[in-house]
Amino acid sequence: MAAIAQSPASVPTGYDIPTYNQIPETSFDLDWADLATLDLSLFDQPGGKEQLAKQLFKAIQNIGFFYITNFGLSQEDVDRQFSIGKEIFKLPIDEKLKFRAELEKGGYNGYKPMGLREIIPGVYDNTEIYNIPKFIPALEIPQPGIVNHNRPIIEGFARHIHDQIASKLLTLFAIILELPEDYFLKVHRYEEKSDCHLRYMKYHQRTDEENEKAGGIWSKGHTDFGSLTLLFRQPVAALQVRTPEGEWKWVKPYPGSITVNLADSLHFLTNGFLKSSIHRVVAPPPDQRNVDRLGVLYFVRPEDSLELRPVVSEVLNRLGYDRTTDNSAVGITAGEWVKARVAKGVDRGVARSEVGDQPIIGGVVAKYYD
Ligand SMILES: O=C(O)CCC(=O)C(=O)O
Ligand SMILES: [Fe+2]
């Protein structure tokens, strides 16, 4: 009987997810960043966590970016998310605007139309964003039909990222700092309110004239706000990371990988030992300029109520990261930090075109670079 009740006629149509085809990688030999790759399948093997923690410790001395592989999602799982993102952005603008994020109030879940951020005076961004918060009652928001219809797939994907990927990485950071293994997990619980979110992004292709006018910049140099950012692999080269020497290096989109970067909260919690690296998005190489660049990202952030006070760790003491700097976030919570950064409108919100130090909250600044 159940089969009859679920006859095809009762299944809403129009929200099928088409197969997603990734374009070829660039044939240009760009100045790629040299980043480590962590094989997450080692995590559950005997001694694997410790081995990964050692590798990660070495990798992050220089730059807060690395790759992970074997993270428990198939290419099909990932491509399905790219396809959902593509379908969301295909909706008519009036439909998308019904779900517009309250950026001006420091909110960002929902839709961000393109053209709100001024990149240089007179040139606005080419990026549409759709952010989905954690699937917990306190954070339910109205969503377009395509999202509601595919909710089990989207929620399953987001929860896998939290439970099977972010949790492992947060455990490795605790091991590195010689803290109890669940130290960071206790302040990144899925069921608690936090600003973690899944993001679909579409950078609209630009003409050569437009690129020239914006100095090739699609998204200015910035740091991310939370703990970790996960960038699912897509083929269009455009992301660059700033080295400690101040050079911009391209981040290569390796098949089967996720690019991970550390963000502000971990930086604050460790007095800058875990580095929230500056990165930006620029015009792709010439053989990838004629496509829109779709992104699927996951932002991991601490629970809203966590004060961003540095942890007490022998490792930080030994390495000289035991002194809280002037620009620390003592007294500021993770939730306040994100809201302040979004509302100041200097990054993903309604941004202005300043570079350099931008005061955010409680005397703490965020740095912006061209
Ligand atoms: O699109 C990318 O590769 C990076 C995006 C990014 O930096 C961000 O959304 O914070
Ligand atoms: Fe970013």
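Student: Which strand order and which pairing does the open sheet of four strands have?

Tutor: Good place to start, and keep in mind that this is a predicted model. To read a sheet, walk from one strand to its partner until you run out of partners. Here the walk gives the order 8-13-10-11, and the pairing is antiparallel.

Student: Which strands stand at the edges, and why is one side of each left without a neighbour?

Tutor: Strand 8 (217–222) and strand 11 (248–250) are the edges; each has a single partner strand, so one side has no neighbour in the sheet. From one strand to the next, the twist averages 25 degrees.

Student: How many bridges join strand 10 to strand 13?

Tutor: Bridges show you the register of a strand pair. Strand 10 (residues 239–242) runs antiparallel to strand 13, and three bridges join them. For one of the partners, look at V241: H279 in strand 13 is its bridge partner.

Student: What is the strand order of the open sheet of eight strands?

Tutor: Read it in the same way. The order is 1-2-12-9-14-7-6-3, and here the pairing is mixed. Strand 1 (37–39) and strand 3 (110–112) are the edge strands, each paired on one side only. Ignoring direction, neighbouring strands in this sheet are turned by 25 degrees against each other on average.

Student: In what sense do strand 6 and strand 7 pair?

Tutor: Strand 6 (residues 127–133) and strand 7 (residues 197–203) are antiparallel, with seven bridges between them. To find your place in this pair, start at N131, which stands opposite R199 in strand 7.

Student: Which strands does helix 6 lie across?

Tutor: For a helix packed on a sheet, list the strands beneath it and then check the angle. Helix 6 (residues 151–176) lies across strand 6, strand 7, strand 9 (228–232), strand 12 (257–262) and strand 14 (293–300), and runs at about 125 degrees to strand 9.

Student: Where does UniProt place the feature "domain: Fe2OG dioxygenase"?

Tutor: The record, an unreviewed entry, puts this feature at residues 180–302. Over that range the chain is 35% strand and 10% helix, with 17 Å between the end C-alpha atoms.

Student: Which residues surround ligand 1?

Tutor: With a ligand, list the shell and then sort it. M201, D224, L231, L239, H279, V281, G295 and L297 surround ligand 1. By class, five of these shell residues are nonpolar, two polar and one charged. Strand 13 (279–282) and strand 14 each supply at least two residues of the shell.

Student: What is the mean pLDDT of the protein?

Tutor: The mean is 90, and 89% of the residues reach 70 or more. Then look at the weak stretches. Residues 1–13 have pLDDT below 50 and one contact beyond near neighbours in sequence. Residues 346–352 are also below 50, with 26 such contacts. For the model as a whole, ipTM is 0.99 and pTM 0.92.

How values were computed
Residues are numbered from 1 along each chain as its sequence is written. Chains are lettered from A and ligands numbered from 1 in the order in which they are written. This is a predicted model: local features need pLDDT of at least 70, side-chain atom pairs count only at pLDDT 80 or more; totals for chains, interfaces and linings use all residues. Two strands pair if DSSP finds at least two bridges between them. Axes are lines fitted to C-alpha atoms, for helices over the stretch in contact, and angles run from 0 to 180 degrees between N-to-C directions. Two residues are in contact if their C-beta atoms, placed from the backbone, lie within 7 Å. UniProt positions are given in the numbering used here, feature names are shortened, and annotations may be inferred rather than shown by experiment. A residue is near a molecule or strand if its C-beta atom, placed from the backbone, lies within 6 Å of it. Ala, Val, Leu, Ile, Met, Phe, Trp, Tyr, Cys and Pro count as nonpolar, Asp, Glu, Lys and Arg as charged, and the others, Gly among them, as polar. pLDDT is the predictor's confidence in each residue, from 0 to 100.
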